[in-house]
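Trainee: I would like a close look at one part of this model, the helix that packs on the sheet, with enough of the surroundings to place it.

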Amino acid sequence: MTREHITSGDLAGWTRWRRDPDGRFASLLGDFYFRATDHGVECRMETDRKHSNGLGYIHGGFIMSFIDMAMFAFIYRQLENSAAVTLSCATDFLSAGVVGKPIEASGEILKETGKMLFVRGLVRQDGVNVASFTGTMRKVPRLPRPDGDAAASRPASPQVD
């Protein structure tokens, strides 16, 4: 995944996470944008038909994937020398998301311990609350990524201290 700081245009000041199409799940979602503010971190993604459910609204699975990415944006500064995994994410859906309009999330770190981060946030679209969420992330050692199509072996379950 590449990270690019945008310096001009409507998204000046935002950072874009982009995964080139490589067959991995994240590359199916699209570009993800985030920026730090005085009150935490803001995130944004465009939506289109590929993100819709059978009723024509934004699919809940897409919203939850967006939330997972947002949680990592909230904690990216804490991960300079490590990686992290999501241990839990509780999501409450509050309203349907409309396809074709960007969704946005804002959030913050509630608490950080030596290995754990606790976050919360809110997903909005056009001023309407779409979902609220809380999550727990665990810092883990940054391991080399597997090459090619080989699947990584299952890591050992982290011990919660």
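What share of the 161 residues in the chain is buried? And starting from there, how does α2 sit on the sheet?

Mentor: Keep in mind that this is a predicted model. Buried residues account for 32% of the chain's 161 residues. The accessible surface is about 9,900 Å², and carbon and sulfur atoms hold 50% of that area.

The chain has 2 helices and 8 strands. Read from the N terminus, they follow the order β-β-α-β-β-α-β-β-β-β. Taking the contacts between residues at least 6 apart in sequence, 54% link residues at least 24 apart.

The sheet comes next, as the surface on which the helix lies. It is an open sheet of 8 strands with antiparallel pairing, and its order is β1-β2-β3-β4-β6-β7-β8-β5. The edges are β1 (2-5) and β5 (83-93); each has a single partner strand, so one side of each lacks a neighbour in the sheet. From one strand to the next the twist averages 25°. α2 packs on this sheet and touches β2, β3, β4, β5, β6, β7 and β8, while its direction makes about 135° with that of β5.

At one end of the sheet order, β1 pairs with β2 (residues 15-18) in the antiparallel sense over 4 bridges. In this pair Glu-4 is opposite Arg-16 of β2. β2 in turn pairs with β3, again antiparallel, over 3 bridges, and there Thr-15 stands opposite Phe-34 of β3. Between β3 and β4 there are 5 bridges, and the two strands run antiparallel. A hairpin of 2 residues connects β3 to β4, and Thr-37 has Gly-40 in β4 as its bridge partner.

Now the helix itself. α2 has 16 residues, which at 1.5 Å a residue should span 22 Å; the C-alpha atoms at its ends lie 23 Å apart, in agreement with that figure. Its buried residues are Phe-62, Ile-63, Ser-65, Phe-66, Ile-67, Met-69, Ala-70, Met-71, Ala-73, Phe-74 and Ile-75. For reading such a list, recall that an α-helix has 3.6 residues a turn, so residues three or four places apart point the same way.

Many of these names are nonpolar, which leads to the core. In soluble globular proteins, nonpolar side chains tend to be buried together. Here the largest nonpolar core has 29 residues, and those touching the most other members are Phe-32, Cys-43, Phe-66, Phe-74, Ile-75 and Val-123. At least two core residues come from each of β3 (32-37), β4 (40-45), α2 (60-75), β6 (103-112), β7 (116-125) and β8 (128-140). The greatest contribution is that of α2, with 10 residues.

Phe-74 shows what the helix meets on the sheet. Beyond its neighbours within four places in sequence, Phe-74 contacts Val-41, Cys-43, Ser-106, Gly-107, Glu-108, Ile-109, Val-119, Arg-120, Gly-121 and Phe-133.

Ser-65 also belongs to α2. With a relative accessibility of 15%, Ser-65 is classed as buried, because the cut-off is under 20%. Residues up to four places away aside, Ser-65 touches Phe-25 and Leu-29.

The contact can also be viewed from the strands. Ile-103 is in β6 and is buried, with a relative accessible area of 1%. Not counting residues up to four places away in sequence, Ile-103 touches Phe-62 and Phe-66, and its other contacts include Cys-43, Ile-58 and Val-123. Ile-103 is also 57 residues from Glu-46 in sequence, yet their C-alpha atoms are 6.5 Å apart.

Tyr-33 in β3 offers another view. Tyr-33 is buried as well, at a relative accessible area of 10%. Leaving aside neighbours within four places, the contacts of Tyr-33 are Ile-6, Leu-11, Trp-14, Thr-15, Arg-16, Glu-42, Cys-43 and Arg-44. In sequence Tyr-33 and His-5 are 28 residues apart, and from C-alpha to C-alpha they are 9.4 Å apart.

Notes. Residues numbered from 1 in each chain as written. Predicted model: local features only at pLDDT ≥ 70, side-chain atom pairs only at ≥ 80, totals over all residues. Heavy atoms only, no water. Buried < 20%, exposed > 50% of the residue type's maximum accessible area, 1.4 Å probe, protein only. Contact = heavy atoms within 4.5 Å. Areas by Shrake-Rupley, 256 points an atom, 1.4 Å probe, with all protein chains shown as cover. Core = buried A, V, L, I, M, F, W, Y, C linked by side-chain atoms within 4.5 Å. Expected span 1.5 Å × (residues − 1). Pairing = 2+ DSSP bridges. Axes fitted to C-alpha atoms, helices over the stretch in contact; angles between N-to-C directions.
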